[in-house]
Amino acid sequence: MRRLLLVNALIFAVLAAAVTLVYYGYSYASSLASRDREQGQAMHEIAEEKVLNIEALILREDADVFAKELSLEAYLDKLPELARKAHIRSVFVLDEHRKVLLDGSWSRAATVKEGVAFRDWFEKTVLPELPLADPSFPANTRDHVHRVWAGPAPWGGKHYLFSFMRKVQGDRTYYVVIEEDLVHLLDSVFRQYFPDVEKAKYVYQVTDANGKVWYGPEFLRDTDVLSVSVPFSETVDQWFARVSEKDLTVREQLQRKRMIESLVIGGAITVILVGFVFILLAIRRERRANELKSEFISNVSHELKTPLSIITMFGEMLANGRTKGPEQSTEYAEIIWRESVRLGRLIDNVLDFAKIERGKGVYDFAEADIADVVERAVDLVQRRLATASMTIDVDIEPELPHVKLDANAFTLAVMNLIDNAIKYASDGKKVELRLARATKAEERIELTVRDFGPGIDPEEQQQIFERFYRARAVRLKPIRGSGIGLALVRHIARAHGGDVEVASVPGQGSTFRLWLPI
Ligand code: ADP
């Protein structure tokens, strides 16, 4: 009954957990995601617009410097005037063999010497690596390279953005390379397009692929904050315009909600898993109990039938006077008596067991002399012992304290233990019973019943106390039994606050130890 209630409660819990899971799972997936999606979209548009504007500005100024329609001579003449742009640091004009022309360098450098030194570095280090000679690079079209150039200070190891063009004017070819002023770009251009943190709704940054911030305040990483990044493609490629949400409270609230939701979801999943495992176990247990029950029914029916047919047979003989004299009549009557006692005990066992299974009001405790109770139980089995040609050694410690016990139940337990020794260990010829004080975790009285029979397989030593369980070895033999004797003994022992255990080495007998606390 209680188990059924538990299973029902579990099924209900699993269902509730599943509904919770679906509900929270849905809101978990939708809430933050949909808000982030909308917000992200808006921020992405802003970032794209910024990138577009900044690049357009640079491209416009570059286009002026590349001045498409001029012959080389005219171009060199006009170069200082053309090159004087805010975001340009140097311009180099190269001949068709990609050598810097005599008048072909312009620089914003502080001194002439510095300008010359930079030109030399440019020719030696940068020029060979620009894809000017690449035949697939179309004429009169701007291209660019943004990267760090190796080499010693002061030029090496820094970011440079070079824009360049191969100019074809009639049958003349020359090249123009612009070094954009990255310092100016970072200090002025970005500042102009990305508003101050205090004033703006968003946080603006320029970062590289590794997350290093080149412009703007250090701010939370993508994982902590909603942000979008749009790459520059026409100028400082590998750099990104990053727009992040500044007001974190909305998102924090959502995140907190999300965390709670994940906890609820985790809990629901755990409940479902645990519930399933329990239900599976309960089903297995129930199935096993059912198997044992049907086995029990057939065992008990068999147990009832055998003594009954013996009684019927000998009763009939007596009634018909088919005896050879008064001695045989007494013998038949004794058989009938023995079998009735046996039948009565079986019925007692079954009824007690049924009472225990139903629970409640089973025991009737009272102060009693345990030695008396045990002696009485021994008396009751003496005759059966004699029939099996067995003897019993009884050793009861004198002056044992009185304990609270249900004398009938305890007698039944003792008799069950001795009965089992008669049934299963009659080859051993002897049973030893001891009742004595012992001290384990607490003061207790221990009753041990030892036989010298076949013993019990270690694997089955726990199972034999389960209801309906009968050991494999006896199932094949014609030894009658119902599998409830030891279950009853254990129930009685536990009801008295004690327990029962067995120690056995196969082939050397078994010792059952039943103890009660004092
Ligand atoms: P039953 O005797 O009706 O089968 P019990 O619950 O009394 O049921 O015992 C359970 C099983 O434990 C028995 O079937 C038997 O296999 C085993 N058993 C009990 N007592 C002994 C014993 N003294 N020696 C060997 N096996 C035993």
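This report describes the domains, sheets, one helix, the ligand surroundings and one buried serine of a predicted model.

## Overall division

The protein is divided into two parts: domain 1 covers residues 1–246, and domain 2 covers residues 363–517. Taken over C-alpha atoms, the centres of domain 1 and domain 2 are separated by 90 Å.

## The four-stranded sheet

An open sheet is formed by four strands in the order β7-β6-β9-β8, with antiparallel pairing. Its edge strands are β7 (213–215) and β8 (227–231), each of which pairs on one side only. On average, and with direction ignored, neighbouring strands of this sheet are turned by 35° against each other.

Strand β8 runs antiparallel to β9 (residues 239–245), and five bridges join the two. Within this pairing, V230 has A241 of β9 as its bridge partner. Helix α4 (residues 182–193) packs on the sheet, where it touches β6 (202–208), β7 and β9. The direction of α4 makes about 75° with that of β7.

## The five-stranded sheet

A further open sheet contains five strands in the order β11-β13-β14-β16-β15, and its pairing is mixed. Strands β11 (391–396) and β15 stand at the edges with a single partner strand each, so one side of each has no neighbour in the sheet. From one strand to the next, the twist averages 15°.

The pairing of β11 with strand β13 (residues 430–439) is parallel and extends over six bridges. Here V394 stands opposite L433 in β13. Helix α7 (residues 370–387) packs on this sheet and touches β11, β13, β14 (443–451) and β16. The direction of α7 makes about 175° with that of β11.

## Helix α10

Helix α10 spans residues 485–495, and its buried residues are G485, L486, A487, L488, V489, I492 and A493. These buried residues pack against two helices, α6 (326–358) and α8 (407–424), and against two strands, β15 (499–504) and β16 (510–517).

With respect to the strands, α10 lies across β15 and β16 and runs at about 130° to β15. Just after the helix, G497 takes a positive phi of about 85°.

## Surroundings of the ligand

There are 19 residues around the ligand, and those that come nearest are Y424, D451, R470, S482 and L486. One of them, L486, is also listed among the buried residues of α10.

Several polar atoms lie beside oxygen atoms of the ligand. For R470, a polar side-chain atom is 2.6 Å from a ligand oxygen atom. For L486, a backbone N or O atom lies 2.8 Å from an oxygen atom of the ligand. A polar backbone atom of A471 is 3.1 Å from an oxygen atom of the ligand.

## The position of S90

Residue S90 is located in strand β1 (residues 88–94). Is S90 buried or exposed? Its relative accessibility is 0%, and S90 therefore counts as buried.

The side chain of S90 makes a polar contact with the side chain of E179, at 2.5 Å. When neighbours within four places in sequence are left aside, the residues in contact with S90 are W106, S107, F118, V177, I178 and E179. E179 thus appears both in the polar contact and in the list of contacts of S90.

Note on methods:
Residues numbered from 1 in each chain as written. Predicted model: local features only at pLDDT ≥ 70, side-chain atom pairs only at ≥ 80, totals over all residues. Heavy atoms only, no water. Buried < 20%, exposed > 50% of the residue type's maximum accessible area, 1.4 Å probe, protein only. Contact = heavy atoms within 4.5 Å. Domains from an automatic or database assignment. Pairing = 2+ DSSP bridges. Axes fitted to C-alpha atoms, helices over the stretch in contact; angles between N-to-C directions. Near = heavy atom within 4 Å. Polar contact = N/O pair within 3.5 Å; in protein donor to acceptor, adjacent residues only side chain to side chain.
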